[in-house]
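This briefing collects computed features of one protein model, grouped by topic. Please read it alongside the sequence and the 3D view.

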Amino acid sequence: MSRSALVGNVTAMLEDAGFVVSERCAIRPKSFDVAARRGEEVLLVKILGNIDAFDGHTGAEMRRLGKYLGATPLVIGLRTRDEELKPGVTYFRHGVPVLSPDTAMDLFVEEVPPLIYAAPGGLYVNIDSEVLADAREDRDWSLGRLANELGVSRRTVSKYEDGMDASVEVASQLQELFDAPLTSPVEVLDGAEEVREDEETPDDPEVDPEDEPIVAVLTRVGFDVHPTDRAPFKTVSENERREEEMLTGHSELTKTAEKRARIMSSVGRVTRTRSVYVVDRATRESVEGTAIVEEAEMENIEEADELRDIIRERADPEGSSA
């Protein structure tokens, strides 16, 4: 299957599951392919045939964007170099959860979350420690008795009851021994950090020197500005006073810039963010909801509300998130 067809299939699946999906980010370099929203669930989705192409730099960018836009970064892929991705298993690459299309369909369409996750050493499941302890005590089994049944140490059983996850093989043995559901789903959307690599959100990249005057203006009027390096926009800016985010682009107003502005509008509608594109000379007021502002005008802005009003006035009614 071509990557274009795979992106189309995943987009259709998300729409069937009730998500509003953005336009595809068909520019390079790019950290994600589409943004999607269903209620308060927001996803930034990278779609790959081979997930080995997903590198640490892209993973770091997706995690940063996820933090700033209130979204879950997610990779949907078909295979690794060695094998097809297994259905019902959550993988992790560079701190980002990875699902096969079948697993994603089960999660989002059928609302059946995965029970298994891959980690160094094999496949694991989350053991419900309280249910396990209650089941053992109901049988009047000691830790040692259960350890003998499983072929593990007493200390290992104690760790399971303290919350340590178990291999798929041990979980299967426990299910047979107690004939009760002892596993809990992998929380892909909330709490996935509990089983992924223990990595903090990476630091922002350096500001492009060409963008420093724009970043200076945004900072002066009260925004926390986060530069990007693999996104269709140059920065994500947060205004804590109004609890809002803004996507910013900056370049000459070329055909490529207009394409970026359209993608920014589409992503902004999904993530509920405003968008503005700063140019040297403007020939129009907006591009499908992204306001166009000249550099000289931008430098004269004194307050965040002034910029907000400009965006509201110039953005197309359908595209404006005001």
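Strands, like helices, are taken as DSSP runs numbered from the N terminus, with at least two residues of type E for a strand. By that definition E41 is found in strand 3. The model is a predicted one. It has 11 helices and 16 strands.

**Overall dimensions and burial**

- Taken along the principal axes, the C-alpha atoms of the protein fill a box of roughly 75 × 40 × 30 Å.
- Of the 322 residues in the protein, 49% are buried.
- Among contacts with a separation of 6 or more, 60% are between residues 24 or more positions apart.

**Nonpolar cores**

- The largest nonpolar core has 36 residues, and those with the most contacts inside it are F32, F233 and V267.
- Two or more residues of this core come from each of strand 3 (41-50), helix 2 (56-69), strand 5, strand 6, helix 9 (255-271) and strand 14 (274-279).
- Helix 9 gives the most to this core, with 6 residues.
- A second, separate core has 23 residues, including L6, V7, I47 and Y117.
- Leaving out residues up to four places away in sequence, F32 touches C25, L44, V45, K46, M62, L65, P232, F233 and V267.
- F233 and V267, two of the residues touched by F32, are also among those with the most contacts inside the largest core.

**Helix 2**

- Helix 2 has 14 residues and reaches 20 Å from its first C-alpha to its last, close to the 20 Å expected at 1.5 Å a residue.
- Helix 2 is largely enclosed by the rest of the structure, because 11 of its 14 residues are buried.
- The buried residues in helix 2 are T58, G59, A60, E61, M62, R63, R64, L65, G66, Y68 and L69.
- M62 and L65, both buried in helix 2, are among the residues that F32 touches.
- G70 follows helix 2 and has a positive phi, near 65 degrees.

**Helix 5 against helix 6**

- The axes of helix 5 and helix 6 (residues 154-161) come within 8 Å and cross at roughly 105 degrees.
- Angles of 65 to 115 degrees count as roughly perpendicular, so helix 5 is roughly perpendicular to helix 6.
- On the helix 5 side the contact involves L143, G144, L146, A147 and L150, and on the helix 6 side R154, V157, S158, Y160 and E161.
- The residues of this contact divide into 6 nonpolar, 2 polar and 2 charged.

**Positive phi outside glycine**

- Most residues other than glycine have a negative phi.
- H94 has a positive phi, near 55 degrees, and is not a glycine.
- H94 is placed in the loop between strand 5 (89-93) and strand 6 (96-99).
- H94 counts as partly exposed because its relative accessibility is 31%, and the partly exposed class lies between 20% and 50%.
- D140 is another residue other than glycine with a positive phi, in this case about 60 degrees.
- The loop between helix 4 (129-138) and helix 5 (143-150) holds D140.
- D140 is exposed because its relative accessible area is 69%, and exposed means over 50%.

**Individual residues and long sequence separations**

- E41 in strand 3 counts as partly exposed, at 28% relative accessibility.
- E41 touches F19, A36 and L189, not counting residues up to four places away in sequence.
- E41 and T271 are 230 residues apart along the chain, and their C-alpha atoms are separated by 9.7 Å.
- K234 lies in the loop between strand 11 (224-227) and strand 12 (235-239), and counts as partly exposed at 27% relative accessibility.
- Beyond residues up to four places away in sequence, K234 touches D208, D211, H226, P227, T228, T248, G249 and H250.
- From C-alpha to C-alpha, K234 and F54 are 21 Å apart in space, and they are 180 residues apart in sequence.
- S4 lies in helix 1 (residues 3-16), and counts as partly exposed at 47% relative accessibility.
- The C-alpha atoms of S4 and D82 are separated by 22 Å, with their positions 78 residues apart along the chain.

Technical notes: Residues numbered from 1 in each chain as written. Predicted model: local features only at pLDDT ≥ 70, side-chain atom pairs only at ≥ 80, totals over all residues. Heavy atoms only, no water. Helix = DSSP H or I, 4+ residues; strand = E, 2+ residues; numbered from the N terminus. Buried < 20%, exposed > 50% of the residue type's maximum accessible area, 1.4 Å probe, protein only. Core = buried A, V, L, I, M, F, W, Y, C linked by side-chain atoms within 4.5 Å. Contact = heavy atoms within 4.5 Å. Expected span 1.5 Å × (residues − 1). Axes fitted to C-alpha atoms, helices over the stretch in contact; angles between N-to-C directions. Parallel < 35°, antiparallel > 145°, perpendicular 65-115°, else oblique. Nonpolar A, V, L, I, M, F, W, Y, C, P; charged D, E, K, R; others polar.
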